[in-house]
Amino acid sequence: MQKTATATLYIVATPIGNLMDISQRAIDTLKQVDVIAAEDTRHSGHLLQHYSIKTPTVSLHEHNEQQRSEALLARLQKGETVALISDAGTPLISDPGYRLVSLVREHDIDVVPIPGSCALIAALSASGLPSDKFSFEGFLPAKQGTRQQSLEQLANETRTMIFYESPRRLNKTLEDMMIFFGRDRRVCLARELTKLHETIETRPLADLLNWVSDDSNQQRGECVLLVEGQTVQHDVNDDEINRVLKLLLADLSVKRAAAITASLLDVSKNKAYEMALKLQQKDT
Ligand code: SAM
């Protein structure tokens with residue numbers, strides 16, 4: 001067993017479901033360090049017990065990270081070793097730890113990653129969507145208005161986009177995505193990864209939404225959504241875009257008319273919006 005060095009902070013990935021998904025190096029490190037900082041000590045107790053890890057734990061979560069980081073820094077400065085773990089997967093990935101790592105590095109203390117599970121990488125690797133370039137977007141805002149704004153900004157993103165999402169908001173998010181990405185954009189739902197009910201389903205957005213709406217089991221558990229980036233624009237001519245916009249502008253706002261046109265004709269939302277504005281200006 002390789003000994004841990006002194007005065008080092010280890011960032012240790014833990015399983016995202018299946019308890020077997022942890023490296024021997026991670027187990028050895030967790031056994032050897034002086035203290036484990038865990039997002040939720042009770043939650044991690046199950047994993048630590050399973051691997052007979054008896055190292056003392058302290059909590060480090062979003063509400064005490066600032067103050068706890070300073071206390072852990074003091075211990076590191078005395079030469080102790082610390083491991084950081086979160087409830088699941090890789091710490092700092094939509095999980096606490098950023099403040100601790102930046103503080104420790106500012107003080108020239110070594111930070112060593114012990115890599116392992118991460119839901120976004122597991123999902124991407126099995127989604128069938130392009131994996132050469134991707135953008136991790138974390139959780140979308142819970143409020144519909146701000147969520148739609150975030151999606152609007154991504155309408156022309158060409159890389160695969162990866163989102164963490166709560167199963168309670170899955171339907172609403174897929175509906176909002178349809179406005180900005182169009183019904184044919186390929187989307188993957190990766191649910192309950194590494195667990196009993198693991199599901200990885202990639203379909204055109206409209207199809208996926210129907211499938212999820214028809215089967216409430218798909219709205220349970222933990223999930224990752226992956227959206228294919230925008231591919232080459234369809235060659236829809238401007239006359240066609242203007243024709244649809246004029247029809248919609250008779251009853252709808254510029255924003256809504258542009259969003260629907262973009263979705264119907266699979267053109268960029270920005271382009272539809274600019275053209276809708278011009279039409280409206282001509283009319284006034
Ligand atoms: N640090 C974790 C990681 O490395 O993936 C992510 C923590 S974040 C608070 C929790 C979110 O990750 C969940 O809401 C879900 O979107 C995703 N997630 C975690 N475990 C998952 C699993 N087994 N299957 C699908 N998604 C998962």
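**Exercise 1. Is Glu165 buried or exposed, and what is its relative accessible area?**

Solution. This is a predicted model, in which local features need pLDDT of at least 70 and side-chain atom pairs count only at pLDDT 80 or more, while totals for chains, interfaces and linings use all residues. Residues are numbered from 1 along each chain as its sequence is written, and side-chain values use heavy atoms, with hydrogens and water left out.

Step 1: recall the cut-offs, by which buried means under 20% relative accessible area, exposed means over 50%, and partly exposed lies in between (1.4 Å probe, protein chains only). Step 2: apply them to Glu165, which has a relative accessible area of 4% and is therefore buried. Step 3: place the residue, which belongs to strand E7; helices (H or I, at least four residues) and strands (E, at least two) are DSSP runs, numbered from the N terminus. Step 4: look for a partner in space, and you find that the C-alpha atoms of Glu165 and Gly138 are 8.2 Å apart, although 27 residues separate the two in sequence.

**Exercise 2. Describe the chain as a whole, and set Ser127 within it.**

Solution. Step 1: count the elements, which come to eleven helices and ten strands. Step 2: take the extent of the C-alpha trace, which spans about 70 × 40 × 30 Å along its principal axes. Step 3: consider burial, where 47% of the 284 residues in the chain are buried. Step 4: turn to Ser127, which is found in helix H5 (residues 119–127) and counts as buried because its relative accessibility is 5%. Step 5: compare its position with that of His61, which is 66 residues away in sequence and 31 Å away from C-alpha to C-alpha.

**Exercise 3. How many salt bridges does the structure hold, and what surrounds three of the pairs?**

Solution. Step 1: begin with the principle that side chains of opposite charge can pair when their charged atoms come close. A salt bridge is counted when a side-chain nitrogen of Lys or Arg is within 4 Å of a carboxyl oxygen of Asp or Glu. The structure holds twelve of them.

Step 2: examine Glu157 and Arg159, whose closest N and O atoms are 2.8 Å apart. Glu157 is buried, at 15% relative accessible area, whereas Arg159, at 34%, is partly exposed.

Step 3: examine Glu222 and Lys195, whose closest N and O atoms are 3.0 Å apart. This pair links distant parts of the chain, since Glu222 lies in the loop between helix H8 (205–214) and strand E10 (223–227), while Lys195 lies in the loop between strand E8 (186–191) and strand E9 (199–204), 27 residues apart. Lys195 is partly exposed, with a relative accessible area of 28%, and together with Glu192 and Glu222 it is part of a network of salt bridges.

Step 4: examine Glu240 and Arg243, whose closest N and O atoms are 3.2 Å apart. The two are three residues apart in helix H9 (residues 238–249), so about one helical turn separates them. Glu240 is partly exposed at 28% relative accessible area, and Arg243 is partly exposed at 47%.

**Exercise 4. Which residues are closest to the ligand, and where does the ligand sit?**

Solution. Step 1: list the surroundings, which comprise 19 residues, the closest being Thr90, Asp95, Ala119, Tyr164 and Cys223; a residue is near a molecule if one of its heavy atoms lies within 4 Å of it.

Step 2: read the distances between polar atoms. A nitrogen atom of the ligand lies 2.9 Å from a backbone N or O atom of Ile93, and a ligand nitrogen is 2.8 Å from an N or O atom in the side chain of Asp95. An oxygen atom of the ligand is 2.6 Å from a polar backbone atom of Cys223.

Step 3: name the elements that give two or more residues to the shell around the ligand, which are strand E7 (160–165) and E10.

**Exercise 5. Where is Asp108 found, and what is its phi?**

Solution. Step 1: recall that most residues other than glycine have a negative phi. Step 2: note that phi of Asp108 is near 60°, a positive value in a residue other than glycine. Step 3: locate Asp108 in the loop between helix H4 (98–106) and strand E5 (110–114), where it counts as exposed because its relative accessibility is 73%.

Definitions and conventions:
A polar contact is a pair of N or O atoms within 3.5 Å; within protein, one must be able to donate a hydrogen and the other to accept it, and residues adjacent in sequence count only if both atoms are side-chain atoms.
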